[in-house]
Amino acid sequence: MSASPLSFDGRVAIITGAGGGLGRSHALELARRGALVVVNDLGGSVDGTGGSTTAAESVVQEIEALGGTAVANTDSIATPEGGEAVVQTALDTFGKVDIIINNAGILRDTSFKNMTAEMLDPVLDVHLRGAFNVTRPAWSLMRDQGYGRIINTTSGAGLFGNFGQANYGAAKMGLVGLARVLAVEGHKNGIRVNVIAPIARTRMTEEILGDKADQLGPELISPLVAYLAHESCDRNGAIYSVGGGRIARVFLGVTPGVMDQSLTAESIADSIDQIDDTDDFFIPARLNDEIRVIYGALS
Ligand code: NAI
């Protein structure tokens with residue numbers, strides 16, 4: 001028996017970078033389910049240069065053509081002022097913010113040998129600071145209303161490592177840390193914060209996905225976003241890898257390790273296989289869980 005449809009009637013969702021690719025797909029999915037959507041996109045190229053108002057506006061038109069409700073916003077989320085303007089658009093148009101999908105992103109790929117300091121900030125600015133810039137002005141509103149759903153978009157490049165993406169991987173893991181802390185801080189106020197690591201065919205990936213790219217549509221990512229954005233979702237601080245219809249949880253686990261209060265470099269060398277043994281790992285939900293284990297092992 002299938003679950004009842006997940007409706008978003010009356011919910012207000014901000015989706016950054018929603019003028020194309022995954023963000024557009026998320027916007028269409030939430031709008032189709034009744035959400036009032038702020039389609040943010042500055043309309044730049046994959047490397048973040050340039051800009052045009054048409055990307056966000058054309059997605060708004062698509063949503064309206066399907067009978068949905070949306071408003072375009074073309075501010076860059078890379079600055080605090082831009083983030084505030086996105087939230088203000090939601091407030092001016094729909095009066096509140098229930099959902100934030102931090103999705104906007106750019107690439108400045110090259111091997112670390114060739115990466116310059118100038119290639120770090122633009123990537124951190126859009127991915128990591130962008131999520132901060134949009135979420136921060138909405139946070140107090142969500143706390144006050146006792147409700148919020150936030151989804152950050154990480155990447156396997158950061159979670160697992162990938163050649164040529166040191167700046168991107170660092171930014172994407174920053175989004176995991178941001179989400180984990182917000183999950184802890186927002187819990188008692190009805191806010192849930194989760195993370196997706198998608199694999200999908202978009203302009204960002206069109207040259208790297210190979211011969212099965214046609215099976216990796218963005219529309220196979222958006223159901224997870226809808227699930228995590230829904231009020232019935234109780235998950236918090238979780239990370240999901242999703243692509244081509246396959247979905248799985250990614251987690252940070254800790255091995256049982258060893259306890260040795262006279263630890264030396266040599267004793268570590270002797271027991272490194274046992275330290276690394278993943279049998280009977282546990283998954284801390286927050287820092288305190290790990291500290292409790294360490295304290296429990298102390299004499
Ligand atoms: P995309 O390039 O189609 O979408 C990114 C969007 O963000 C673009 O429309 C762009 O104009 C917008 N954007 C860039 N800078 C912005 C700014 N400062 N302010 C507002 N909007 C801005 O690429 P795609 O694939 O849809 O990427 C969406 C997210 O998913 C990104 O965060 C990306 O890193 C992430 N991702 C995508 C994967 C994939 O397989 N496509 C894999 C892992 C992560």
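Helices and strands are DSSP runs, numbered from the N terminus. The structure shown in these views is a predicted model.

**View 1. The whole chain has nine helices and eight strands.** The C-alpha trace spans about 65 × 45 × 45 Å along its principal axes. For 299 residues, a compact globule would have a radius of gyration near 19 Å, and the 20 Å of the chain agrees with this. Of the 299 residues, 45% count as buried. Among contacts with a separation of 6 or more, 68% are between residues 24 or more positions apart.

**View 2. The surface of the chain has an accessible area of about 15100 Å².** Carbon and sulfur atoms account for 53% of that area. The chain carries 23 positive and 35 negative charges. The mean position of the positive charges and that of the negative charges are 6 Å apart.

**View 3. S155 sits in the loop between β5 and α5.** Strand β5 covers residues 148-153, and helix α5 covers residues 156-159. The relative accessibility of S155 is 10%, so this residue counts as buried; the cut-off for buried is under 20%. Leaving out residues up to four places away in sequence, S155 touches Y168, K172 and A197.

**View 4. Strand β7 is largely enclosed by the rest of the structure.** The strand consists of residues 239-243, and five of the five are buried. In a regular strand the side chains alternate between the two faces of the sheet. On one side of β7 are I239, S241 and G243, and on the other are Y240 and V242. These residues are all buried, so both faces of the strand are covered.

**View 5. Strand β7 pairs with β6 and with β8.** The pairing of β7 with β6, residues 191-198, is parallel and runs over four bridges. In this pair, V195 stands opposite I239 of β7. The pairing of β7 with β8, residues 246-250, is antiparallel and runs over five bridges. Here I239 stands opposite V250 of β8. I239 therefore has V195 opposite it in the one pairing and V250 in the other, and this residue is itself among the buried residues of β7.

**View 6. A hairpin joins β7 and β8.** Two residues lie between the strands. In the turn, G244 has a positive phi of about 65°.

**View 7. S241 is a buried residue of strand β7.** Its relative accessible area is 16%. Apart from neighbours within four places in sequence, S241 is in contact with A197, R246, I247, A248 and V250. A197 is also touched by S155, the loop residue of View 3. For a sense of distance, S241 and E84 are 157 residues apart in sequence, and their C-alpha atoms are 30 Å apart in space.

**View 8. D280 has a positive phi although it is not a glycine.** The angle is about 60°. Most residues other than glycine have a negative phi. D280 is in the loop between α8, residues 265-276, and α9, residues 287-297. With a relative accessibility of 69%, D280 counts as exposed, the cut-off for which is over 50%. S155 is likewise a loop residue, but S155 counts as buried.

Terms used: Residues numbered from 1 in each chain as written. Predicted model: local features only at pLDDT ≥ 70, side-chain atom pairs only at ≥ 80, totals over all residues. Heavy atoms only, no water. Buried < 20%, exposed > 50% of the residue type's maximum accessible area, 1.4 Å probe, protein only. Contact = heavy atoms within 4.5 Å. Rg over C-alpha atoms; globule rule 2.2 N^0.38 Å. Areas by Shrake-Rupley, 256 points an atom, 1.4 Å probe, with all protein chains shown as cover. Lys, Arg positive; Asp, Glu negative; His and termini not counted. Charge placed at Lys NZ, Arg CZ, Asp CG, Glu CD. Pairing = 2+ DSSP bridges.
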